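The following exercises train the reading of secondary-structure packing. Please study the sequence and the model before reading each solution.

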Amino acid sequence: MTRLLRPLALAALPLLGACDLLDDVLSEFDGDLETRSFSVDSSDGKARVDVEIDGQETFQLTATSGQLVAVEAIYDPDGELVLYWEDWYGNESLTGAVWLEGRDTVLNWPVRSVDGELSAGTWQVEVGVVDNEGYYTDATVDAVLKLKQDPDLSDGVVKARIVYADGLMQDEVVSAGVQAAVARWEEVWGPYGLSLDAGYESSAYSTDQAFPGESGEHEDLAQDASGSEVTVLIAETIDGGMDYYGIAGSIPGTLDHTGRALVVVSWLANAGGDGSFSDDDVRLFGETLAHEVGHYMGLFHPVEMTWDYWDALDDTDACQGQGDCEGGLGDNLMFPYPVCDWTSCLAQDQLTDGQTGVSHRYTGTL
Amino acid sequence: MITSLLLALACNGGKVPPAQAGVVDAGLPPTPAELLAQQAPGAAAEPLAPTDAGYAVYRALSVRDPEPTCAEVEALSPTPVETLREVVDRAQQPPWAGMRAANCLVQGHGAEVQADLVAWVGGADTRGLALLVLDQLDLLPEDVALAVATAALAGPHAADASARVPKSRHPALQALVP
Ligand SMILES: [Zn+2]
């Protein structure tokens with residue numbers, strides 16, 4: 001379950017000095033993407049991660065620790081607070097990085113155009129470190145920074161590494177269905193300047209997959225990723241059944257090699273009772289792939305099914321109630337469910353400018 | 001120090017807090033077919049119109065995420081087994097609605113629907129349902145699982161069954177595939 005564990009006394013703790021860097025920063029370049037890896041010791045429950053910016057458009061921080069971690073604040077080079085966790089703790093969601101849900105957290109910044117550009121200088125991300133009881137504690141935090149140098153935020157390519165679980169690539173029904181769905185996924189993204197560079201692999205991973213991060217196989221899978229691609233694992237079942245048919249590791253998802261660095265999708269749930277892919281099945285499967293990878297790139301549902309939680313974007317209708325929301329957002333790619341009438345479903349292939357902007361600001365969109 | 005345990009209320013990879021996962025809309029939308037009619041005028045066809053309970057269960061099972069639980073959807077019908085059968089047999093889209101309904105029958109009503117399960121593993125056009133059952137044999141009572149596995153190994157999906165039946169924890173099922 002997604003849980004947020006917060007000590008209420010958090011805001012009373014004083015700000016301390018500069019980050020306590022443990023060792024040298026390791027830096028690597030891969031085209032427009034730079035990777036910096038280093039470790040920081042937390043102090044009074046906060047690890048301060050410095051992000052040197054010199055012309056990059058976006059960065060992604062993946063912070064990992066033996067304790068629970070979540071982003072608490074971001075400061076720009078002038079020391080101005082540009083994000084504070086409590087501001088995104090209500091009924092609007094901007095980033096899953098502020099949720100204390102595990103031993104790693106992923107922040108992509110900026111998220112939206114209104115968050116501004118990355119000015120040159122030293123940005124600082126404050127990462128809270130909390131024990132299982134909800135108390136601040138101190139621990140080493142391993143930081144992996146990915147920085148994108150790509151001034152064109154209207155045209156981008158996402159690399160998708162599509163990995164079939166054991167034997168599924170050899171099943172012609174599955175491989176043909178997946179490839180057709182990927183074509184639909186590309187069709188959905190195309191009008192928004194998003195291109196897909198998809199590669200396919202077979203594997204020996206189990207056809208029944210756990211949630212992202214809850215299987216040692218996911219860590220093994222992540223080790224083989226390039227660091228600039230999104231891994232999509234095609235399974236038969238998830239958690240032993242049909243409850244889940246697509247799950248993203250987190251919002252946003254990491255480009256680092258953690259156990260949550262993937263999207264898991266069930267081919268069987270998307271094929272249905274006949275076990276084959278009709279044209280309608282393919283269309284929905286493609287939209288499901290685009291939807292789940294959309295979460296991975298930082299998109300939330302424009303509205304949740306309780307009709308009282310929304311994303312942080314101004315141009316997705318803040319609708320209230322089922323009829324209002326289906327009417328206003330039912331064709332949106334990130335709507336929480338397909339609008340169907342028993343025999344067919346509406347196409348869901350629309351993104352607003354705000355959603356498109358989030359997708360292009362994802363550091364893996366190059 | 002006071003500890004606060006709160007639930008985040010946005011879909012995170014489809015895993016959501018129980019309070020939200022339990023939300024289903026039992027009420028029917030005003031005119032669901034109208035939205036489709038707007039997209040494809042004249043294309044509406046309802047040869048197998050659902051019952052009210054069937055449509056309520058269907059809607060609950062259709063969500064992309066958060067995913068509903070079987071208990072939640074079954075609470076929407078006075079006769080859940082019959083209603084789940086209706087969704088399996090008649091709902092056409094989205095594909096996971098029928099599969100989730102079948103999943104609930106396998107996980108909660110295996111003995112009662114044994115004949116359905118045997119029919120699924122023996123049907124040439126029900127490979128998806130057959131795989132769903134074969135992947136969950138150990139959730140069935142052992143005698144039901146044995147009957148289903150035996151039928152599957154003799155049916156059109158024997159190759160699929162041969163790969164899955166030996167994974168059962170029951171020696172009697174393992175012995176079906178030498
Ligand atoms: Zn979703």
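**Exercise 1: A sheet and its edge**

Strand β18 and strand β19 (residues 263–266) of chain A run antiparallel and are joined by three bridges. The model is predicted, with local features needing pLDDT of at least 70, side-chain atom pairs counting only at pLDDT 80 or more, and totals for chains, interfaces and linings using all residues. Residues are numbered from 1 along each chain as its sequence is written, chains are lettered from A and ligands numbered from 1 in the order in which they are written, and side-chain values use heavy atoms, without hydrogens and water.

Task: determine which strands are the edge strands of the sheet.

Solution.
1. Strands are DSSP runs (E, at least two residues), helices likewise (H or I, at least four), numbered from the N terminus; two strands pair if DSSP finds at least two bridges between them.
2. Five strands of chain A form an open, mixed sheet in the order β14-β13-β16-β19-β18.
3. The edges are β14 (194–202) and β18 (246–248) of chain A, each pairing on one side only.
4. Within the β18–β19 pair, A:G246 stands opposite A:V265.

**Exercise 2: Two helices**

Task: state at what angle the axes of α1 and α4 of chain A cross.

Solution.
1. Axes are lines fitted to C-alpha atoms, for helices over the stretch in contact (heavy atoms within 4.5 Å); angles run from 0 to 180 degrees between N-to-C directions.
2. The axes of α1 (residues 172–189) and α4 (residues 279–296) of chain A cross at roughly 60° and come within 7 Å.
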